[in-house]
Amino acid sequence: MKKRERLGVIKDILRAISESSKIKPTRLLYASNLSPQMFKEYVNELIKKGFIKIEIDDEEKKLFSLTKRGFEFLQEYRVIERFVENFGL
């Protein structure tokens, strides 16, 4: 099985959040298909760089959501994916 590259993992995390608009940490962990340790590292980096943010719902539960910058990353990533596909790579 091919190991995912860093950008692919980031895309998967951001896409999982965007599909739910807001997602609980456990659900995101399963969706990202990472070990808890790796998941924590990626999430902390994405928060620090302003791609995702943590919100607290009415029941005091943590939820992740995308920031404007996170949405922009996904849009640009799709452009790159189409570019690569158009050249058959």
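Among contacts in the protein between residues at least 6 apart in sequence, what percentage join residues at least 24 apart? The figure is 51%. Keep it in mind while walking along the chain. The model is a predicted one.

Start with the overall layout. The protein has four helices and three strands. Their order along the sequence is α-β-α-α-β-β-α. The C-alpha trace spans about 50 × 30 × 20 Å along its principal axes. The protein has 89 residues, and 31% of them count as buried. About 6,600 Å² of the protein is exposed, with carbon and sulfur atoms supplying 53% of that area. Charge is the next item. There are 19 positive and 14 negative charges, and their mean positions are 3 Å apart.

Now take the chain from its N-terminal side. Helix H1 covers residues 6-20. Glycine 8 belongs to this helix. Its relative accessibility is 16%, under the 20% cut-off, so glycine 8 counts as buried. Leucine 63 is 55 residues away from glycine 8 along the chain, and their C-alpha atoms are separated by 22 Å.

Serine 21 sits in the loop between H1 and S1. Its phi is positive, near 65°, in a residue other than glycine. Is serine 21 buried or partly exposed? With 48% relative accessibility, serine 21 counts as partly exposed. Strand S1 follows at residues 22-23.

Helix H2 spans residues 25-32. Its buried residues are Leu28, Leu29 and Ser32. Around the axis they cover an arc of only 105°, which puts them on the same side of H2. Arg27 and Tyr30 are exposed on the other side of H2. The cover over the buried residues of H2 includes H1, S1, H3 and S3.

Asparagine 33 comes after H2. This residue lies in the loop between H2 and H3. Phi of asparagine 33 is near 60°, again a positive value in a residue other than glycine. Its relative accessibility is 63%, over the 50% cut-off, so asparagine 33 counts as exposed.

Next comes helix H3, at residues 36-48. How does its length check out? At 1.5 Å a residue, the 13 residues of H3 should span 18 Å, and the end C-alpha atoms are 18 Å apart, which agrees. The buried residues of H3 are Phe39, Tyr42, Val43 and Leu46. They cover an arc of only 100° around the axis, so they sit on the same side of H3. Gln37, Lys40 and Lys48 are exposed on the face turned away from that buried side. H1, H2, S2 and S3 are among the elements that cover the buried residues of H3. Just after H3, glycine 50 has a positive phi of about 80°.

Two strands come next in the pattern. Strand S2 runs over residues 52-56, and strand S3 over residues 62-66. Threonine 67 lies in the loop between S3 and H4. Its relative accessible area is 16%, so threonine 67 counts as buried. Which residues does threonine 67 touch, not counting those up to four places away in sequence? They are Gly50, Phe51, Ile52 and Lys53. Of these, Gly50 is the glycine just after H3, and Ile52 belongs to S2.

Helix H4 closes the pattern, at residues 68-86. Its 19 residues should span 27 Å at 1.5 Å a residue, and the end C-alpha atoms are 27 Å apart, which agrees. Gly70, Phe73, Leu74 and Tyr77 are buried in H4. Seen down the helix axis, the buried residues of H4 fall within an arc of 95°, so they line one face of the helix. That face packs against H1 and S3. On the other side of H4, Lys68, Glu76, Phe83 and Asn86 are exposed. Glycine 88, just after H4, takes a positive phi of about 65°.

Put the contacts side by side. H1 and S3 are partners for the buried residues of H4. H1 and S3 are also among the elements covering the buried residues of H2. The cover of H3 includes H1 and S3 as well.

How values were computed: Residues numbered from 1 in each chain as written. Predicted model: local features only at pLDDT ≥ 70, side-chain atom pairs only at ≥ 80, totals over all residues. Heavy atoms only, no water. Buried < 20%, exposed > 50% of the residue type's maximum accessible area, 1.4 Å probe, protein only. Contact = heavy atoms within 4.5 Å. Areas by Shrake-Rupley, 256 points an atom, 1.4 Å probe, with all protein chains shown as cover. Lys, Arg positive; Asp, Glu negative; His and termini not counted. Charge placed at Lys NZ, Arg CZ, Asp CG, Glu CD. Expected span 1.5 Å × (residues − 1). Arc of directions from axis to C-beta.
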